[in-house]
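Q: I'm new to this structure and would like a close look at one part of it. Could you walk me through the surroundings of the ligands, then add anything else that stands out along the chain?

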Amino acid sequence: MPECPSVCTPQCTNCDKSQFQVRHRTLEKRFLPKFNILKHLSHDHKMAGQTLVPNVCSVFREDLFHDKVAIVTGGGTGIGKTITQELLHLGCKVMIASRKVERLKKAVTELKSTISRSSLADIDYLQCNIRNEDEVKNLMSQTIKQFGGINFLVNNGGGQFPSGAGDIRLKGWNAVVETNLTGTFLCCREVFNQWFKDHGGVIVNIIVDNFKGFPLMSHSGAARAGVENLTKSLSIEWAEYGVRINSVAPGGGIYSETAAANYANPTMIQSSIPRVPAKRNGTTEEISASVCFLLSPAATFISGETLRVDGGASLYKNKYEIPEHNKLPGYTWEKDLSSKL
Ligand SMILES: CCCCCCCCCCC/C=C/C(=O)SCCNC(=O)CCNC(=O)[C@H](O)C(C)(C)COP(=O)(O)OP(=O)(O)OC[C@H]1O[C@@H](n2cnc3c(N)ncnc32)[C@H](O)[C@@H]1OP(=O)(O)O
Ligand SMILES: NC(=O)C1=CN([C@@H]2O[C@H](COP(=O)(O)OP(=O)(O)OC[C@H]3O[C@@H](n4cnc5c(N)ncnc54)[C@H](OP(=O)(O)O)[C@@H]3O)[C@@H](O)[C@H]2O)C=CC1
């Protein structure tokens, strides 16, 4: 066990681990190759009666976003939750939004307890299915009412299911496209119409590493390619209103329990490791840092861009193995003429 880098925090009331030890185990857990080992690490650690929330350790200065308001869709789980934690740590007020109220409530209770008394940070949640236009309109208007405006929108909510393209039913295709492309568009349009048009603001869209196609998730690959192009169009259309917009494309598999739970085989995300030059999955913290960078004044000259955060995976091997076959024969005039004889 390495030495605790910061002030030691209380012991867990269920076992004898310190908060730092638990944090260390949590990180270890992310990189275990065999998922079944997780059962040995799964009890809920409680510090002074509360479920443990790991310390945030941002590379950015603590007051960076102290006068800012952010909306993070899908902010109650996985990558979105880490982004929310880091924004709060940097003094931001954050509204998290998604479909499942229980998950949002739990995240708000956990994360509220991490905000120090001297901080201007605050967090609340709103139920919002980003596919529903009225709910998206309500998300923007309620956030403005509650926090006095909006500076940042992080379009993180999204997802898909794995399936060969030949088996995707229209309803499934529409569900994925409406979630990832239409949902992102609705959030962008509404934040622009209700606030950014008059006050400016910054948008970051979370997409995926689809740069070599996205086999077995073709619906999501197509929808996210749409978001990447939308990012470019809006960066031009809305520049004169003081709006910047960029995308972050996580790749190589970013481990979180909720992300893994979406796959029938929860080791699916780990299975991408051999195809990542960095030879590991990414962390939610690595995605969050990129998002905070793009939201920050360090990125005021960056707009319309997609930042790949993938340990080099998008430049390396495709995850899809093609079996040996002879179904795509070459064309020659000789063969063509002989077939006509
Ligand atoms: C097999 C190998 C694959 C390669 C794996 C590589 C892995 C490493 C790389 C990973 C990169 C990306 C990771 C992530 O994105 S992690 C985050 C994942 N999180 C989510 O995906 C959560 C959100 N997802 C969803 O909520 C849903 O998937 C969906 C977007 C579809 C939401 O739609 P809705 O709530 O409307 O869903 P419904 O359940 O009502 O379904 C509507 C129709 O969609 C079809 N469907 C849905 N699920 C499946 C499924 N599992 N299999 C097949 N079809 C599905 C179906 O037609 C549904 O309608 P019916 O039920 O009436 O038929
Ligand atoms: N983990 C990874 O390896 C990668 C993830 N990504 C993308 O990053 C984003 C976050 O994923 P991750 O944290 O890993 O996984 P999670 O499953 O934890 O996050 C998905 C989030 O999106 C929310 N969401 C889904 N559909 C909707 C909807 N219709 N309206 C509002 N919110 C919605 C979910 O909340 P709720 O269910 O409550 O609605 C959930 O909080 C996703 O867009 C994902 O596709 C991209 C590349 C790789």
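**Around the ligands**

A: Let's start with helix H5, residues 170–199, which supplies the largest share of the shell around ligand 1, namely five residues. Keep in mind that this is a predicted model. In total, 19 residues surround ligand 1, and the ones that come nearest are Gly159, Phe161, Pro162, Gly172 and Ala259. Sorted by class, that shell holds nine nonpolar residues, eight polar ones and two charged ones.

Now for ligand 2. Here 31 residues make up the surroundings, with Gly74, Gly78, Gly157, Gly158 and Thr258 coming nearest. Three elements each give two or more residues to this shell: helix H2 (78–89), H5 and H7. Of these, H2 gives the most, with three residues. The class make-up around ligand 2 is 18 polar, nine nonpolar and four charged residues. So you'll meet H5 in both places: it gives five residues to the shell around ligand 1, and it is also on the list for ligand 2.

Next, a couple of spots in the loops. As a bit of background, most residues other than glycine have a negative phi. Leu216 goes the other way, with a positive phi near 75°. You can find Leu216 in the loop that runs between strand S7 (201–206) and helix H6 (218–237). Is Leu216 buried or exposed? It counts as partly exposed, because 16 C-beta neighbours lie inside 10 Å, and that label covers counts between the 12 or fewer of an exposed residue and the 20 or more of a buried one.

Lys279 also has a positive phi, near 55°. Its place is the loop between helix H7 (257–261) and helix H8 (284–295). That ties back to ligand 2, since H7 is among the elements giving two or more residues to the shell there. Lys279 is exposed because 11 other C-beta atoms lie within 10 Å, and 12 or fewer is the cut-off for that label.

Last stop: Lys340, which lies in helix H9, residues 333–340. With 6 other C-beta atoms within 10 Å, Lys340 is exposed. How far is Lys340 from Ala261, judged by their C-alpha atoms? The separation is 55 Å, for two residues that are 79 residues apart along the chain.

Definitions and conventions:
Residues numbered from 1 in each chain as written. Chains lettered and ligands numbered in written order. Predicted model: local features only at pLDDT ≥ 70, side-chain atom pairs only at ≥ 80, totals over all residues. Near = placed C-beta within 6 Å. Helix = DSSP H or I, 4+ residues; strand = E, 2+ residues; numbered from the N terminus. Nonpolar A, V, L, I, M, F, W, Y, C, P; charged D, E, K, R; others polar.
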